[in-house]
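Please open the model in your viewer and keep the sequence panel beside it, so that each stop can be selected in turn. This tour says what to select next and what is there.

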Amino acid sequence: MSRYDLKPKAHSGAIAVVVGWDRPLHTYFAQVFTPTQDEPEEGEATTWLGTEPGELPTPEAAIAVVVRYAEIPATLASDLEADMRATIGVKDGTHQAEAKRGLFGSFH
């Protein structure tokens with residue numbers, strides 16, 4: 001798994017923005033955290049995509065989710081693509097495969 005903490009844009013309402021690659025789910029993911037009354041500094045993930053297998057299939061899909069909330073580095077798409085390519089051929093362990101079957105049924 002990779003994870004990039006992005007700089008929130010001023011006045012976007014976000015206090016943290018994250019994108020990355022999740023190899024076990026074969027998806028990129030995107031999260032936007034906004035402040036809550038209970039946790040004004042850490043916030044809550046009010047946007048969180050990439051929790052289902054293959055949900056965000058490209059770096060551009062993940063970036064599109066967060067572009068209005070964060071500054072996007074010029075190399076982010078290529079960095080995310082490289083993270084995915086670095087995991088090609090990595091197989092799930094026994095426990096990880098069992099967990100995925102339990103959560104998602106038959107998952108290849």
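## A pair on helix α2

Select Glu81 and Arg85, which both lie in helix α2, residues 76-85, and which are four residues apart, about one turn of the helix. The model is a predicted one, and in it the side chains of these two residues meet in a salt bridge, with a nitrogen-to-oxygen distance of 3.0 Å. Side chains of opposite charge can pair when their charged atoms come close. Glu81 is partly exposed, because its relative accessible area is 25% and the partly exposed class runs between 20% and 50%. Arg85, with a relative accessibility of 52%, counts as exposed.

How many salt bridges does the structure hold? It holds two, and to see the other you can select Arg3 and Asp5, whose side chains meet in a salt bridge at 3.4 Å, N to O. Asp5 is exposed, with a relative accessible area of 57%.

## Stepping back to the whole chain

Now show the whole protein chain as a cartoon, where you can find three helices and four strands. If you follow the chain along its sequence, these elements come in the pattern β-β-β-β-α-α-α. The C-alpha trace spans about 45 × 35 × 15 Å along its principal axes. Of the 108 residues in the protein chain, 35% count as buried.

Switch to a surface view, and keep in mind that the protein chain exposes about 6600 Å², of which carbon and sulfur atoms supply 54%. If you colour the side chains by charge, you will be looking at 9 positive and 16 negative ones, and the centres of these two sets lie 7 Å apart. Contacts across the sequence are worth a thought here too: among the contacts in the protein chain with a separation of 6 or more, 51% are between residues 24 or more positions apart.

## Tyr4 on strand β1

Next select Tyr4, which lies in strand β1, residues 4-6. Which side chain does the side chain of Tyr4 join in a polar contact of 2.7 Å? The partner is Asp83. Leaving aside the neighbours within four places in sequence, Tyr4 is in contact with Val17, Val18, Val19, Leu76, Asp79, Leu80 and Asp83, so a display of atoms within 4.5 Å is a suitable way to look for these residues. Tyr4 is partly exposed, with a relative accessible area of 23%. For a distance to try in the viewer, take Tyr4 and Thr46, which are 42 residues apart in sequence and 17 Å apart in space, C-alpha to C-alpha.

## Asp22 on strand β2

Move on to Asp22, which lies in strand β2, residues 16-22. Asp22 is buried yet has no salt bridge, and the nearest side chain of opposite charge, that of Arg23, is 7.0 Å away. What the side chain of Asp22 does reach is the backbone nitrogen of Leu25, at 3.3 Å. Leaving aside the neighbours within four places in sequence, Asp22 is in contact with Met1, Thr27 and Phe29.

## Two histidines in loops

Select His11, in the loop between β1 and β2, and then His26, in the loop between β2 and β3, the latter being residues 27-34. Most residues other than glycine have a negative phi. The phi of His11, however, is near 65°, a positive value, and His26 has a positive phi of about 55°. Are these two histidines buried or exposed? His11 counts as exposed, at 86% relative accessibility, whereas His26 is partly exposed, with a relative accessible area of 38%.

## Ala70, the last stop

Finally, select Ala70, whose place is in the loop between α1, residues 59-66, and α2. Ala70 counts as buried because its relative accessibility is 1%, and the buried class is under 20%. Draw a C-alpha to C-alpha distance from Ala70 to Lys9, and you should find 4.8 Å in space, although the two are 61 residues apart in sequence. Leaving aside the neighbours within four places in sequence, the residues in contact with Ala70 are Leu6, Lys7, Pro8, Lys9 and Val17.

How values were computed: Residues numbered from 1 in each chain as written. Predicted model: local features only at pLDDT ≥ 70, side-chain atom pairs only at ≥ 80, totals over all residues. Heavy atoms only, no water. Buried < 20%, exposed > 50% of the residue type's maximum accessible area, 1.4 Å probe, protein only. Areas by Shrake-Rupley, 256 points an atom, 1.4 Å probe, with all protein chains shown as cover. Lys, Arg positive; Asp, Glu negative; His and termini not counted. Charge placed at Lys NZ, Arg CZ, Asp CG, Glu CD. Salt bridge = Lys/Arg side-chain N within 4 Å of Asp/Glu carboxyl O. Polar contact = N/O pair within 3.5 Å; in protein donor to acceptor, adjacent residues only side chain to side chain.
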